[in-house]
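Me: I am new to this structure. Please walk me through how to read it.

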Amino acid sequence: MGKRKRDDSDQNSKSAKNARSFIHKWLQLFLWLRFDSMLNAMFCDICQKHKLKNNFVKPGSTNFRKSAVVEHANSNDHVQALKLETASKSNPIVSVFEKVHEKTDNAMCTLFRNAYFIAKENLPMDKFQSINDLTKLNGAVITSKLYQENNACSEFIQTISDVIEKEVMSDVKLSPAVGIMIDESTDLATQKHLILYLSYLKAGELKISFTKLLNLSSGTAVSITAHIIAYLKSFGVDLSKIFGMGSDGASVMIGKHGGVSQLLKDTSPHLVEVHCVAHRLALACVDTAKEIPDIKFLESIVSTVYSYYKRSPTNLAELRSWQLIIDDPLLNPLDIHKVRWLSMGNALDNLRRSVVSIVNMLGDQSDTDIVANSLHNSMTTYKFFFMLYFLSDLFGKINQLSKSLQKRDLSYATVKQLVDSFLMAIEAEYLTEIPSFGPLCAEFLKSTDQSDSFNTITFKRNNRDIHLKTRAVQCAQLIHDNIRDRFPDNKIFEAFSVFEPSNFPSSVDDLPRYGEQQLECLGDHYSIVNQEELQIEWGILKYLIFNNYKGLSFADLLTAIISRKDQFPNTISLMEISRVLPVSSVECERGFSRQNIIKTKLRCSLGIDALDQLMRISLVGVDVKDFDPVPAIRKWQSVRNRHVYQNNAFSKLMNVKS
């Protein structure tokens, strides 16, 4: 059978090559046919001219057999195109109108592309006129003056945004399962709003998209819930298909008594609320820093060093000179920001890599600068160097974990593996009978065992330094326990992990009982599935996965078996739900970062609606080179008669006649 399939495939390939060799003959026979060698496809010029939709218009036919061309020639689309072409040739007025209409379309395409570029590149709308002037100088077709003012640009951007929003929400409406990610923010103009992201499936593939910036009348759970429900209902989204909600963990979001998640369960009964994993990690670190005085000691030095160089270009220039002399990396001291997840680790790393230059410079200036003298005294102690290298090791691991938890398309199984690996690393280095410490701290301890200098820096010791190792172990224990407590097991997510191919048993002998308890747990929670049918389906599907898809990720597995949903409806429905469940709200933070790029101090008058439109184009829109302005132009045309299309009435009349 396999040989026969290969023979058939080879025969089809050979036939296609033979067909391509006769294309030049068909081009003479079918005068409307055009072959694009770059795209390796055939196109129908007449159907394209009259904007019909078929394979010979877009993306082009790659079936090179003569029978395919003949079939198109006899199709209803092509016959209609021929009638329109005949009518236009027999009526010179229509022919002239079409040329004018095409030229107008080209001019409007230029304007819409320029407006799209403005939004995509986060530029102010004041640049619209100058970009139009540049376009005109480059020889592009554009209107003489019409629709080139800022108000027109704003209207074009709104129309483009509406088209993108409708496309996204159409996909959301068709998705079998939906997850939401929400977070509150206040912009530069102190306007309070809610950012909404949706996770959904399209042909089995996960999509995560910015959806809406909602203006909040108040920050209560009732108000937030009402705005979310009203927006989703306006696009006809079935609220019962919302299965997960990710947030920053604030009580207004996931409070057990009156939080947004609890209120949403009235319309989405199977919803599972998720506290963002990246926020949980940050909170665990903050809790640890509050309880360890040695961390506060180092934070104080880091902040003072940052201020010393930030406020004085002279000091920074002097530091740069020392870095060049000592051959240290050319790094600026960084501050620690409580709201930024990676700032502590990054600030410690920069300080550690430049510490020799900084200490030497501070020592050189200590006689004339009281701040430099104070810093130099604090930074030439054994305690400072020990804590710097100990915390650089510890927060280096935390930063690595944080970056991993901020990735897109993250599953609960992956989160659990990452957190468990981190905890095991802490246990191995610090929580043993004889701690080995991290590599940086271990090197420092080894080098200073019989010496009072490190990397050419001489430091001072005191009697309390002998307790530093014990306090460091206590700090490691505390961060270990805080992170473990912030990531408790979740029975629903644990049950969904059964679908991960990497979790399957290694031997087929262990398959018969694999997943039975997890499927029972999921069946109890999700009443939309039939428990008995679910167990029967799983009894077959798990062998199918074991034999054919065990090497795939869960994302690839779902894409591979989505076509079998009619065979395994209950199991694949659960897999779809698992795929859209958000484990973080990191996307919302990325959205706020883009918001702050768009709405700056120079553009602080941007309203919430304009900001929403600009963010949608910037975050969801395709690259400028791939943007097709025609759908937006047609929507813009449909609102009212446009002066630039002054022959619209005649156009409609001709459409009726045809």
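Me: How many disulfides does the structure hold?

Reply: A disulfide is a covalent bond between the sulfur atoms of two cysteines. Here a disulfide is counted when a pair of cysteine sulfur atoms lies within 2.5 Å. The structure holds zero disulfides. This is a predicted model: local features need pLDDT of at least 70, side-chain atom pairs count only at pLDDT 80 or more, and totals for chains, interfaces and linings use all residues. Residues are numbered from 1 along each chain as its sequence is written, and side-chain values use heavy atoms, with hydrogens and water left out.

Me: Why is there no bond at cysteine 44?

Reply: The closest cysteine sulfur is in cysteine 47, 3.5 Å away, so the pair is too far for a bond. Cysteine 44 is also buried, at a relative accessible area of 0%. Buried means under 20% relative accessible area, with a 1.4 Å probe and protein chains only.

Me: Why does cysteine 276 have no bond?

Reply: Its closest cysteine sulfur belongs to cysteine 588 and is 8.6 Å away, which is too far for a bond. Cysteine 276 counts as buried, with 0% relative accessibility.

Me: What share of the protein chain is buried?

Reply: Of its 658 residues, 48% count as buried.

Me: Which elements make up the fold, and how many of each?

Reply: Helices (H or I, at least four residues) and strands (E, at least two) are DSSP runs, numbered from the N terminus. The protein chain has 29 helices and nine strands.

Me: What does the C-alpha trace span?

Reply: Along its principal axes, the trace spans about 105 × 70 × 55 Å.

Conventions:
Buried means under 20% relative accessible area, exposed over 50%, partly exposed in between (1.4 Å probe, protein chains only).
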